[in-house]
Every structure is written in C-alpha cells, then in structure tokens.
Amino acid sequence: MSSLHLPLSRRGFLLAGAGAGAALGLAALPAQASGRPFGRYGSPERRLTPQTLYVDPYGRGDFTTVQAAVTAATGSGRTLVLAPGVYRETVAADTTRTEATWIGASENPRDVVIVHDRAAGTPKPGGGTYGTTGSATATVQGDGFTARWITFANDWLRADHPDISGTQAVAVKVQGDRSAFHHCRFLGHQDTLYADSTALGVFARQYFAHCYVEGDVDFVFGRATAVYEGCHFRTLDRGDLATAPYGFVLAPSTAGANPRGYLVTRGRVSSAAPDAFYKLARPWVPSSDTTARPSLVVRDTVLGPGIDAVAPYTDMSASFPWQSMRFAEYRDTGPGAVVSVPENRPQLTDEQAESATREGYLGDWTPWRGC
C-alpha cells in the first residue's frame, strides 16, 4: 500500500519526527541535539556511571550505531543513551545482556528511531528467507530490559514488494522476563510488536506503559504475559483490500499452562480505516504449540468505531475457535465496545476483574514507573 494513503502510518510519523535526519530526507537536527545530544544524561566526558555508553549517529558518542554499543555492553546492568537521530539498522541483544536500559536522550520517542525494512519473505543473502523472527528490526532477549522514549519501526511496505508473500515485518521482538517499555512507539503493519518468551515453558513477564503501537494484521502478538497500560493502539487504512476485515489488533499465543496472557488496561484503540473494519483480536495457536490457549483481557479501554462491535473476535484457524480460548472484556467504552450480541463479547465478573490487574499479572515484579 502507498504511504500516501496512510497519513498516520509509521513513515508519516518518521518523517514528522524531530530527529528524522538525512536518512529520511530531513537534514536538520532537533534543536536540543545541537549542543547537548545526550540531554540530562551526561556525555562520554561526564558519564552518569561507568556502565553507561553513549550512541550518536553524528559521531559525538562512544558509538554511531546501536548494535555496536550493544556488542560492547557485555554482562549485566549496562545503560545505552541514544542521541536524537535515525538508526537504520537491525539490533540484537542476546540473553547474556541482562538488566540493560536504553534511553532516548531527548525524552521524546519521535526523536530517536531504530528502523529497518525487511519482512519474513525477504530473501537472505545466503539463500532462503528471514522468517517472522528474522524480520525484526530489534530483538531483545535478556531479562530485566528497559527502554524509554524510543521508536522501534519496520518500514517494509507490501506495495513496494508485490512479489513477496511473507509480509510479516516485526519492529521489535522482546523475549526476556521483566522487560519494560515506557513511552515508546512501535511502528509497522503486520506483526509489529512481538511480545514473546525465549521458550515454550518460559513465562516471560513484560510491561508496556504509555506506548503507541500501530499496524494492521496481528500487530500485537506472542506468548508473553504482557500488560499494556495506558497504551494507544492505532489500526491503519489499507488500499490493497476492498472489504472487511482489514486486520486484527491482538493475537496472543499464550501457553496452555500459563494462567496469564495479555492484559490491556486503561488504553484506547483508534483507527484510520472505515468503521468496523477491524477485529479486536484472534487467537494464535502456532503449529509448534497446538496446546496453546491464548489469553486476553481488555478492560477499562476506549474502543473506537474502527472495531467491529458486533463480532470483535474471530478465528485464525477453524480448528481453534476463539470461543474455546480465554478472551474477556471488562468495562470497556466507546462505539467499538457496545455489546449488541452478548455471546460475542465475554465479560469478566467484578470478582474476576479484581485479579485482572498489573499486579495480578506481574506478580512479585514491580516495574519502574518513574516516567
């Protein structure tokens, strides 16, 4: 699809970002970057801590790429401070890099953008294709990861690659336990935010606070125990489809043994598409885990008119109907939350809702909530 039809698409946001830089046709640096690219977070000459590294695409830090800094930041407890700019690269932080923190120095996620452009079906140089996981712009596996004020984007577009059928294009795949994202943006189309774990038997807990996520098909998906608090989900218009549904906001793949899947609380869902052209969710039961029993609670959330209020859920596979999964809502509002067919919208009781909270999902982990 053409980005001209998507004024709020990730490319539009990237171009509007103050730190977009030359990679996207904007030469000027944001004003705050010119003299103090790392804001209140120190500099290579005045480090906040010996464990802090500084990244700046214009050469004023320790490294010019995020991956170079990640490679150097071995062990536990390392902090990366990212100056405003566009970092066009893929980034991978493995399981050995624990308790890491990445900070967007301007404290505005529009200014710090990590972006790449490949899909599941993109050919690899040595043969084969990348697959969904390999398409990710950023992959974070270490426990205890925190990101603040960063945009993670995958700007691969279907319209640019009509020959590719594997159109999943992940912005970030996060697998570690106790992973938290604050005031971050996740921009993509299909499979934007992959909230997962490192293995089927690992119940990774993740927390997304005041984040923005956009896409069209299954753009928040995976098997993590994930809480989305105060987040904004935006469904995109599509020029390549004539009829509904255009896509699905959430596609959890919770393991059957995991009592907690996805919790969306105090958020909102808006849309650039026609009214009722999106489903709220569908269950993903991967071929690698046919015992999965996807779990989703959406509560105290404003569902805009883009959501099909009559039938907000659908099957991904007829073999695993959504009615047999763990889907429920509680006190949602907005035109997309109107209950006209009760059997299509399971609701929690007041008693059940008492445990459908951040604390109930995250257990003995209390994420940092200082911003």
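The points below go through the cysteines, nonpolar cores, internal spaces and some backbone features of this predicted model.

1. Disulfides. The count of disulfides is zero. For Cys211, the closest cysteine sulfur belongs to Cys231, at 4.7 Å, which is too far for a bond. A disulfide would need the two sulfur atoms within 2.5 Å, so this pair does not qualify. Seen from Cys231, the closest cysteine sulfur is that of Cys211. Both residues are buried: Cys211 has a relative accessible area of 3%, and Cys231 has one of 1%.

2. Surroundings of Cys211. This cysteine sits in the loop between strand S14 (205-209) and strand S15 (212-215). Leaving aside residues up to four places away in sequence, Cys211 touches Phe181, His182, His183, Cys184, Phe186, Gly230, Cys231 and His232. One of these contacts, Phe181, is 30 residues from Cys211 in sequence, with a C-alpha to C-alpha distance of 7.4 Å.

3. His183. Another of the residues that Cys211 touches is His183, found in the loop between strand S11 (179-182) and strand S12 (185-187). The phi angle of His183 is near 55°, a positive value in a residue other than glycine. With a relative accessible area of 23%, His183 is partly exposed, whereas Cys211 is buried.

4. Main nonpolar core. How many residues does the largest nonpolar core have? It has 70, and the residues with the most contacts inside it are Trp102, Phe152, Phe208 and Tyr228. In general, nonpolar side chains in soluble globular proteins tend to be buried together. Beyond residues up to four places away in sequence, Tyr228 touches Leu193, Ala195, Phe208, Val220, Phe233, Tyr262, Leu263, Val264 and Thr265. Phe208 is thus listed both among the residues with the most contacts in the core and among the contacts of Tyr228.

5. Second core. A separate core has 14 residues, including Ala209, Val297, Leu362 and Trp365. Of these, Val297 is also one of the residues nearest the centre of the largest pocket.

6. Largest pocket. The space in the largest pocket is about 240 Å³. Its lining has 17 residues, and those nearest the centre are Ser295, Val297, Arg326, Ala328 and Leu348. Strand S23 (295-299) and strand S25 (326-330) are the elements that give two or more residues to this lining. Sorted by class, the lining has eleven nonpolar, four polar and two charged residues.

7. Largest cavity. The count of cavities of 30 Å³ or more is one. The volume of the largest cavity is about 70 Å³. Val70, Ala73, Arg78, Leu80, Ala93, Arg97, Ala100, Trp102, Val140 and Phe145 form its lining. By class, that gives eight nonpolar, no polar and two charged residues. Trp102 in this lining is also one of the residues with the most contacts inside the largest nonpolar core.

8. The S16-S17 loop. Arg223 lies between strand S16 (217-222) and strand S17 (225-229), and Ala224 is in the loop between S16 and S17 as well. Is Arg223 buried or exposed? Its relative accessibility is 19%, and the limit for buried is under 20%, so Arg223 counts as buried. Ala224 is also buried, at 0%.

9. Contacts of that loop. Residues up to four places away in sequence are again left out. Arg223 touches Ala195, Asp196, Ser197, Thr198, Ala199, Leu200, Ser253, Thr254, Asn258 and Tyr262. Ala224 touches Ala195, Asp196, Ala204, Gln206, Gly261 and Tyr262. Ala195 and Tyr262 are also among the contacts of Tyr228. Ala224 and Ala147 are 77 residues apart in sequence, and their C-alpha atoms are 17 Å apart.

10. Backbone points to check by eye. Most residues other than glycine have a negative phi, and most peptide bonds are trans. Glu107 has a positive phi, near 60°. This glutamate is located in the loop between strand S5 (101-104) and strand S6 (112-116), and is partly exposed, with a relative accessible area of 28%. The peptide bond joining Ala244 and Pro245 is cis, with omega about 0°. Pro245 belongs to the loop between strand S18 (232-235) and strand S19 (247-252).

Technical notes. Residues are numbered from 1 along each chain as its sequence is written. This is a predicted model: local features need pLDDT of at least 70, side-chain atom pairs count only at pLDDT 80 or more; totals for chains, interfaces and linings use all residues. Side-chain values use heavy atoms; hydrogens and water are left out. Buried means under 20% relative accessible area, exposed over 50%, partly exposed in between (1.4 Å probe, protein chains only). A nonpolar core is a set of buried Ala, Val, Leu, Ile, Met, Phe, Trp, Tyr and Cys residues joined through side-chain atoms within 4.5 Å. Contact means heavy atoms within 4.5 Å. On a 1 Å grid over the protein atoms alone, a cavity is a set of points where a 1.4 Å probe fits but cannot get out, and a pocket is an open set with protein on both sides within 12 Å along at least five of seven lines; lining residues have an atom within 4 Å of a point. Grid points are joined across faces, edges and corners, and a volume is the space filled by probe spheres set on the points. Helices (H or I, at least four residues) and strands (E, at least two) are DSSP runs, numbered from the N terminus. Ala, Val, Leu, Ile, Met, Phe, Trp, Tyr, Cys and Pro count as nonpolar, Asp, Glu, Lys and Arg as charged, and the others, Gly among them, as polar.
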